[in-house]
Amino acid sequence: TLKSTKHVADFGMSILPGYRQRGIGKLLVEAALDWAVEHGIEKLYCCTFSNNLRAIKLYLKFGFIQEGIRVKQYKISGEYVDQLLFGKILN
């Protein structure tokens with residue numbers, strides 16, 4: 001770990017289709033935030049596909065802000081999808 005980035009951490013998650021809309025995403029974000037606070041992390045960040053409206057809504061609900069976009073970052077089933085980057089300052 002670089003000294004200049006010891007204060008930040010990122011997380012990622014994916015929920016299988018059959019388990020979505022059960023509050024699992026909320027629990028995972030809460031766990032990530034709790035872990036970050038316990039470990040003295042000052043900023044937590046994550047990313048998602050631009051068409052993943054559930055994830056976007058969830059991150060915004062927890063106070064993450066959109067910090068960036070990577071245009072055409074992925075190509076899924078022949079369609080380009082942007083990647084949205086989110087961050088949250090914890091202290």
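In which sense do strand 2 and strand 4 pair, and over how many bridges? In this predicted model, strand 2, which covers residues 43-49, and strand 4, which covers residues 79-89, pair in the antiparallel sense over seven bridges. One position illustrates the register: Thr48 has Leu84 of strand 4 as its bridge partner.

The setting for this pairing is a protein chain with two helices and four strands. Read from the N terminus, the elements follow the order β-α-β-α-β-β. The C-alpha trace of the chain spans about 40 × 30 × 20 Å along its principal axes. The chain has 91 residues, and 27% of them count as buried. Contacts between residues at least 6 apart in sequence can be divided further by separation: 60% of these contacts join residues at least 24 apart.

Strand 4 also pairs with strand 3. Strand 3 consists of residues 65-76, and its antiparallel pairing with strand 4 extends over eight bridges. Within this pairing, Gln66 stands opposite Phe86 of strand 4, while Ile76 stands opposite Glu79 of strand 4. The two strands form a hairpin with two residues between them. Ser77 belongs to the turn of this hairpin, where its phi is positive at about 50°, although Ser77 is not a glycine. Is Ser77 buried or exposed? Its relative accessibility is 74%, and since exposed means over 50%, Ser77 counts as exposed.

A second backbone feature of this kind is found in another loop. Gln21, likewise not a glycine, has a positive phi of about 60°. Gln21 is placed in the loop between strand 1 (8-10) and helix 1. With a relative accessible area of 69%, Gln21 is exposed.

The interior of the model may be considered next. Which residues have the most contacts inside the largest nonpolar core? That core has 17 residues, and the residues in question are Phe11, Val29, Leu44, Tyr59, Phe64 and Phe86. Helix 1 (24-38), strand 2, helix 2 (53-61) and strand 4 are the elements that give two or more residues to this core.

Phe86, whose position opposite Gln66 was noted above, can be followed through its contacts. When neighbours within four places in sequence are left aside, the residues in contact with Phe86 include Leu44, Tyr45, Cys46 and Thr48. Ile56, Tyr59 and Leu60 are also among the contacts of Phe86, as are Phe64, Ile65, Gln66 and Glu67.

Leu44 offers a view of the core from strand 2, the element in which it lies. Why does Leu44 count as buried? Its relative accessible area is 2%, and buried means under 20%, so Leu44 falls in the buried class. Not counting residues up to four places away in sequence, Leu44 touches Ala9, Asp10 and Phe11, among others. Further residues touched by Leu44 include Ala32, Leu33 and Ala36, together with Phe64, Phe86, Gly87, Lys88 and Leu90. Gly63 provides a reference point for distance: the C-alpha atoms of Leu44 and Gly63 are separated by 11 Å, and the two residues are 19 residues apart along the chain.

Ala36, one of the residues touched by Leu44, lies in helix 1. Its relative accessibility is 0%, and Ala36 therefore counts as buried. Apart from neighbours within four places in sequence, Ala36 is in contact with Ile41, Leu44 and Leu90. The C-alpha atoms of Ala36 and His7 are separated by 9.5 Å, with the two residues 29 residues apart along the chain.

The last feature to be examined is the empty space in the model. Rolling a probe the size of a water molecule over the atoms shows where such space is left. The largest pocket has a volume of about 680 Å³. Its lining is made up of 24 residues, and those nearest the centre of the pocket are Met13, Ile15, Asn52, Arg54 and Ala55. Helix 1, strand 2 and helix 2 each supply at least two residues of the lining. Which element gives the largest share of the lining? Helix 2 does, with six residues. Sorted by class, the lining has 10 nonpolar, eight polar and six charged residues.

Notes. Residues are numbered from 1 along each chain as its sequence is written. This is a predicted model: local features need pLDDT of at least 70, side-chain atom pairs count only at pLDDT 80 or more; totals for chains, interfaces and linings use all residues. Side-chain values use heavy atoms; hydrogens and water are left out. Two strands pair if DSSP finds at least two bridges between them. A nonpolar core is a set of buried Ala, Val, Leu, Ile, Met, Phe, Trp, Tyr and Cys residues joined through side-chain atoms within 4.5 Å. Buried means under 20% relative accessible area, exposed over 50%, partly exposed in between (1.4 Å probe, protein chains only). Contact means heavy atoms within 4.5 Å. On a 1 Å grid over the protein atoms alone, a cavity is a set of points where a 1.4 Å probe fits but cannot get out, and a pocket is an open set with protein on both sides within 12 Å along at least five of seven lines; lining residues have an atom within 4 Å of a point. Grid points are joined across faces, edges and corners, and a volume is the space filled by probe spheres set on the points. Ala, Val, Leu, Ile, Met, Phe, Trp, Tyr, Cys and Pro count as nonpolar, Asp, Glu, Lys and Arg as charged, and the others, Gly among them, as polar.
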